[in-house]
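Student: Before we look, I would like to ask how each descriptive word is justified. Could we take the terms one by one?

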Amino acid sequence: MLILSLIITHVFIVQSIDIIPREILFQDPKYSSVSLSPDAKQVGYVAPDENGVRNVFTRCSSCSYSRQVTFETENPVLNYVWTAVPDVILFLQDNHGDENTKIYKKNISANAIAADKTARVVVSDKPMVKAVIFVNNLISDTVLIGMNDENPALHNVYAFNCRTDQLELVLRNKRFPMFFFDNQMNIRLASEEGPDGEQIYYRTKSNGPATTTDPSDWVEYIRIQHDDKAITLPLTFDKSDNFMYWIMGEGSDLGNLVVFPFEDPAQKEILYTAQKAQIGNVLIHPVDKTLLAVTEVYHKPEIFVANDTFMEDLQYLVNLKPTGSLNIISMSVDMSTWLVTFVSADEPNDIYLYRRWNKKAELFMSTRPELKKYTLNKQTGFDFPARDDMTIQAYLSLPPQAPLLKASQVPDGDRVYANLGMIPAVPQKMIVLVHGGPKARDHYGFSPMNAWLTNRGYAVLQVNFRGSTGFGKRLTNAGNGEWGRKMHFDILDAVEFAVSKGIANRSEVAVMGGSYGGYETLVALTFTPQTFACGVDIVGPSNLISLVQAIPPYWLGFYKDLIKMVGADITSEEGRQSLQSRSPLFFADRVSKPIMIIQGANDPRVKQAESDQFVSALEKKNIPVTYLLYPDEGHGVRKPHNSMEQHGHIETFLQQCLGGEAQPFVPGQYNSTAILKKVGIEGAAISQNQLHNLPRGPVAPSIFYRPPIRAQRVMYPPNQNVMNRIFPVQG
């Protein structure tokens, strides 16, 4: 009996799980870009229309009536903004992913749409011009627009009147890549890079509104050293326009929220000191311009409240769904009505309408109601030490059906991870999903990509490697010059950690990512060709020299920052050699594992040549590669029929490589524009029943990478009498 009981304790029942169709995960969601109108009467959102084109819709905030208000037929609407003029919005498009955004005004009143539903007013639609909205204060009829219509590297400032449709030049820009405006929409500050990559802010000599960008009209205001740039940012003026709010990085790793008189920046008052992660969102009253709250995001968002007036509101909302993380989407100008959601990884976001006068929130819409019937993954944030002992934050998502070990079933040093639900009973097939940027970060919350991969039986590891943002300037700046070096080592160390804990099987780990994540995929398969079973590169650069040579002109104002990031310039032979030594293109002959490359032909950041040249290098060595080119996409695949096709190819590729589950797929079934230029290892996708008959890869032994237990980070209390942390009320 004793022998039988021992055997039983090691039997784990793996539950079957329904395949979530790609059509649900990667079709355009029913609700995206959701926002509340300034008067709180309408909620706007972007959704596919009856022809599958993304357009703007509105829904009455006090009823369930929805209506389509834009009627674009070719290029989807990228985004929209409300204006101070009732029933007038501005919306943005580009030309098949080229990022030269166009701006249109639309009257969305019922009468205007009945008269001519396709009518719109052009604000900017010039070819090869990127238009941006600089200022939209939801009070004035005028919106300030930027257009690089004279110099591709610099944006002139225009005023567009949303009532009269008059467009007027405010400032011809011959110098500055950035401007900063006060509440009256006057240009109060401008900035440019200094010779060593520092950020220099200027104000006008007269201290009045700017009329030119001539150097004689501007004086230096604040100089931010390059090491502080990652966590330094001007936010807004107070109601009087005499004081400014900034996040400042000087003398701090995580940053301080400060306020100071515009005339005397030295007189800083610290309102909040970041405790564990950088300051994320800063909530400012839309009219009074007073500080309401700040958030920090380490593993999950945390809210700290500065204004007792709103303490009761925020406490009510946090208690409404204590298992999720509160996120305020938008507010009416009078603050009476809010749109909020609760961030969670294992369910798509529900959006609630909160009315302050009766302290009540009601469910307004479910962004992806069709996913409600499926079991989704959980996502766990954790830390691990890199090889040089730098602390790296990461997220792990396991397949929902994977049995877990209890703390009593693992070594003492691993119990903390078992308590977090991170240790599966059997090592998993794993995808290392590398974020782009690299000055960006992975976040907690629902992700179609995570839901898809975990549903197909893969663990997903997301690493906020050095160079990422959100965890302090030390971590961000530690990535400078480390492309292909220490940033790559962080990914390797994360894999080593996962294998040592029994999370992943060493022989069944793939790497995938977009943009910088695509570069890291190419680095992984060339510099460490035996570590990963296969890789998927999505719009990743293969040659750092040509990447720098081909940057969009409107990035030139941040050129020195880019050079600091990649670690060398193309202007010297030494610099070119450094970039070449970290460019996967020149080591393509080392690739020994299956590889898939996906590229948009209109990508302005990572040109098609970056993928073409790498594929060509592989061909010369007769190395199998699958190459997908999308002629109507840019920096990433955005259109739903293309996205479903892309994920069908990836899913089939991963199944051939790792043996995960897959939904049947036939190239071309979604009528996408994909050009399959090369085919590597792909065969037909295999059904779930057939899959279980496939041989499994060998389980790699643990190497017992168990560093000594370290003291946990100290969570210092918020500044006394300034911030109060919001916790859910238990019980």
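Student: What makes up the area that the protein chain exposes?

Tutor: By the Shrake-Rupley method with a 1.4 Å probe, the protein chain exposes about 30,600 Å², of which carbon and sulfur atoms supply 52%. This is a predicted model, in which local features need pLDDT of at least 70 and side-chain atom pairs count only at pLDDT 80 or more, while totals for chains, interfaces and linings use all residues. Residues are numbered from 1 along each chain as its sequence is written, and side-chain values use heavy atoms, leaving out hydrogens and water.

Student: Why is the protein chain called as compact as a globular protein of that length?

Tutor: The globule rule, 2.2 Å times the number of residues to the power 0.38, is set against a radius of gyration taken over C-alpha atoms. For 731 residues the rule gives 27 Å, and the radius of gyration of the protein chain is 26 Å, close to that value, so the chain is as compact as a globular protein of that length.

Student: Why does leucine 92 count as buried?

Tutor: Buried means under 20% relative accessible area, with a 1.4 Å probe and protein chains only; leucine 92 has 15% relative accessibility and therefore counts as buried. Of the 731 residues of the protein chain, 57% count as buried.

Student: Which residues does leucine 92 touch, not counting those up to four places away in sequence?

Tutor: With contact meaning heavy atoms within 4.5 Å, leucine 92 touches Pro76, Val77, Leu78, Asn79, Thr101, Lys102, Ile103 and Ile133. The C-alpha atoms of leucine 92 and isoleucine 103 are separated by 4.8 Å, although the two are 11 residues apart along the chain.

Note on methods:
Buried < 20%, exposed > 50% of the residue type's maximum accessible area, 1.4 Å probe, protein only.
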